[in-house]
Amino acid sequence: MTAPAEPHVMKTYGRLPIALSHGRGCRVWDTDGREYLDALGGIAVNTLGHAHPRLVPALQEQIGRLIHSSNYYHVPLQEQLAAKLCELSGLSNAFFCSTGLEANEAAIKIARKFGHDKGVEHPEIVVYEAAFHGRSIATLSATGNTKVQAGFGPLVEGFVRVPLNDLAALDEVRRTRPNVVAVFLETIQGEGGINASRWEYLQDLRRVCNDQDWLLMLDEVQCGIGRTGKWFAHQWAGIQPDVMPLAKGLGSGVPIGAVVCGPKAAGVFGPGNHGSTFGGNPLAMRAGIETLTIMEADGLLANAAEVGALLKAGFEREFSGIAGVKEIRGAGLMIGIELDRPCGELLGRACEAGLLISVTAESVIRLLPPLIVTAEEGAQIVALLAPLVRQFLASPKP
Ligand SMILES: Cc1ncc(COP(=O)(O)O)c(C=O)c1O
């Protein structure tokens, strides 16, 4: 593998020394013709894998018709996708943008204006340790990772941080911070290391938010859109949020973001309060509609649950009795394998073995394959990754 020279691209990423050229299903090929099994899915983006035979012609048709108009005019596909997201979530209205951080920015603005509308002049939002919400100034301020924040102060004020799944800490906030207007968390933390909110904790949050007249805002940018085996991960807890930012998998690779709201939040923005030039453009909307249609037609939620369970069982079998593997966790096709040491070098080793994965929170191997992944491909992921992890753990700890 030789790194392509990139003298003109800003060095914001530590990249592996390959460039991908094309893909089909869960397979991708690099510019030297080497094949890889994709267990990363573009970081939970390529819901339908690569070059999906029904998505591609639909997008080609849309590109030939209209890519972008403007929010000066009605965009009928926005209503179609908004209605579908409301049907799937039980919420009532959607705003469209182009990325996850933009969806989260919209959520933060909704929370603040919700506060101002009820007379709270300095509204505060409860956020979480190890959370990740994006890299704009407001979303990195909400993020619970000092590495993401370092060098970008002063941070945005108005966030109160608590540990995940700790009701006593939230209770303390409730008693001492009268300006709180919302609670904002990922249903399952992705970048933070695949840390799930306990379902009972989410139910408690829903109750507290109702009692306090706070908004419950669930960032489903990474864990939403069928990845856990339900349309949205919070549906496992049988609750509904007031505000739900989405992005990543919604467009199967076409940039898209959405913030979907229930009745308590849907009327907070009025004309002129928020906007986005690219948000809701016909190409992105068509990508969202086709993604959800194909997911439904092909039973991809059930597939995510089934293949996810096979992957987990496979890794549990392979790693049973191996002390360096601390925990295998997650839901559906959002899987984290926590090791007892930093394991970033596994990225390169897996790539050399023909497997694309991710490592997050330093010591957690993260798998986010396309939702079309088959049981056979799941078994191949286990067969490729397990020996690499065992070999890695057999070498002395640094
Ligand atoms: C939970 C969560 N929220 C927000 C974001 C930011 O999304 P984007 O990179 O599209 O801005 C991410 C990205 O990883 C994420 O995982």
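These are my notes on one sheet and the ligand site of a predicted model.

**Entry 1: the sheet**

I looked up the strand order first. Four strands form an open sheet, and the order reads E1-E2-E3-E15. I noted the pairing as mixed. Then I checked the edges. Strand E1 (20–24) sits at one edge and strand E15 (355–356) at the other, each pairing on one side only.

Next I took the pairing of E3 with E15. Strand E3 covers residues 35–38 and runs parallel to E15, with two bridges between them. I also looked for the partner of leucine 37, and found leucine 355 of E15 opposite.

I then asked which helix packs on this sheet. I found helix H13, residues 375–394. Helix H13 touches strand E2 (27–30), E3 and E15. The direction of H13 makes about 110 degrees with that of E3.

**Entry 2: the ligand**

I turned to the ligand shell. I listed 13 residues around the ligand, with Gly100, Leu101, Asp219, Gln222 and Lys248 the closest. By class, the shell holds three nonpolar, six polar and four charged residues. Helix H4 (residues 100–117) gives the largest share, three residues.

I went through the polar side-chain distances one by one.

- Aspartate 219: a side-chain N or O atom is 2.8 Å from a ligand nitrogen.
- Lysine 248: a side-chain N or O atom is 3.3 Å from a ligand oxygen.
- Glutamate 191: a side-chain N or O atom is 3.5 Å from a ligand oxygen.

Last, I checked how much of the ligand is covered. On its own the ligand has 390 Å² of accessible area, and the protein covers 82% of that.

Note on methods:
Residues numbered from 1 in each chain as written. Predicted model: local features only at pLDDT ≥ 70, side-chain atom pairs only at ≥ 80, totals over all residues. Heavy atoms only, no water. Pairing = 2+ DSSP bridges. Contact = heavy atoms within 4.5 Å. Axes fitted to C-alpha atoms, helices over the stretch in contact; angles between N-to-C directions. Near = heavy atom within 4 Å. Polar contact = N/O pair within 3.5 Å; in protein donor to acceptor, adjacent residues only side chain to side chain. Areas by Shrake-Rupley, 256 points an atom, 1.4 Å probe, with all protein chains shown as cover. Nonpolar A, V, L, I, M, F, W, Y, C, P; charged D, E, K, R; others polar.
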